[in-house]
Amino acid sequence: MHARFYHPEEITVGQMIALSAENKHHAARVLRLRKGDPVTLFNGRGGEFCARIDSIRKDSITVLVDSYQDTNRESPLHIELAQAICVNEKMDWIIQKSVELGVSSIQPVSTARSIVHLSDERSGKRLQHWQKIVISACEQCGRNQVPQIYPLITLPEWLSRKKMHRTTQDILIMLSATAAQSLKDLPEPAADAKVALVIGPEGGFTEEEELAIEHSGFAPMHLGSRILRTESAALAAIAAMQALWGDY
């Protein structure tokens with residue numbers, strides 16, 4: 001696979017495009033690309049563009065768009081991950097790997113036992129940071145549609161929104177070590193159904209939170225007899241869903 005770069009603006013065949021400062025640095029300093037080398041551009045709206053480096057200057061790199069490929073690497077599953085916010089390195093890892101595994105959207109939530117607490121200003125900066133991780137993961141794994149990552153909200157706020165927007169076909173899952181059922185006990189989602197997966201923080205959900213999640217229609221599910229860390233739970237569940245119902 002050629003080097004891939006996200007270009008959020010309109011792209012057309014025959015267009016000459018100047019890479020962003022960040023992509024320019026990555027192309028020249030990290031990948032050591034040269035004039036004539038092939039690259040791939042995508043703007044997150046589906047499909048990708050075959051291009052080649054036309055010129056490399058000290059202050060800019062331009063690429064010429066040669067053709068469009070209607071390439072789709074999205075999973076047939078529509079998975080929304082609601083992840084309780086955790087320490088920076090763990091949260092970054094969860095976001096990066098869940099995008100690689102095919103998640104459709106990510107909703108960070110704050111919970112009673114969340115170790116990390118962000119002010120509005122810090123929350124905004126973290127969102128920008130998470131968005132860069134999402135884009136970088138798409139560049140790496142070949143996805144041409146960029147999953148949405150939403151601003152941090154509280155768990156009750158997210159549950160209230162889910163009640164308003166869910167359909168009867170949607171599958172709502174909460175991982176719980178004490179659950180009686182596992183993912184393999186669930187029926188395969190309908191083609192237009194969405195799967196919502198909610199994962200607790202390092203210390204787990206409180207009893208009150210678990211009850212509120214269940215009352216919102218979420219089914220408790222376990223992943224085997226072992227207790228997973230928060231940075232493992234979502235990734236293991238998404239991978240299992242892809243194996244059961246998706247494109248694995």
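1. A cavity is a set of points, on a 1 Å grid over the protein atoms alone, where a 1.4 Å probe fits but cannot get out. Its volume is the space filled by probe spheres set on the points, which are joined across faces, edges and corners.

2. Please keep in mind that this is a predicted model, in which local features need pLDDT of at least 70, side-chain atom pairs count only at pLDDT 80 or more, and totals for chains, interfaces and linings use all residues. Residues are numbered from 1 along each chain as its sequence is written, and side-chain values use heavy atoms, leaving out hydrogens and water.

3. Now to the cavity. One cavity of 30 Å³ or more is present, and the largest holds about 40 Å³ of space. Its lining (residues with an atom within 4 Å of a point) consists of Ile 85, Cys 86, Asn 88, Met 91, Val 116, Leu 118, Arg 126 and Trp 130. Helix 2 (88-101) and helix 3 (120-141) each give two or more residues to this lining; helices are DSSP runs of H or I with at least four residues, numbered from the N terminus.

4. Next, look at the largest nonpolar core, a set of buried (under 20% relative accessible area, 1.4 Å probe, protein chains only) Ala, Val, Leu, Ile, Met, Phe, Trp, Tyr and Cys residues joined through side-chain atoms within 4.5 Å. This core has 40 residues, and those touching the most other members include Trp 130 and Leu 197. Helix 6 (230-245) is among its suppliers and gives the largest share, seven residues.

Definitions and conventions: 1 Å grid on protein atoms, 1.4 Å probe; cavity = no way out; pocket = protein on both sides within 12 Å on 5 of 7 lines; lining within 4 Å. Buried < 20%, exposed > 50% of the residue type's maximum accessible area, 1.4 Å probe, protein only.
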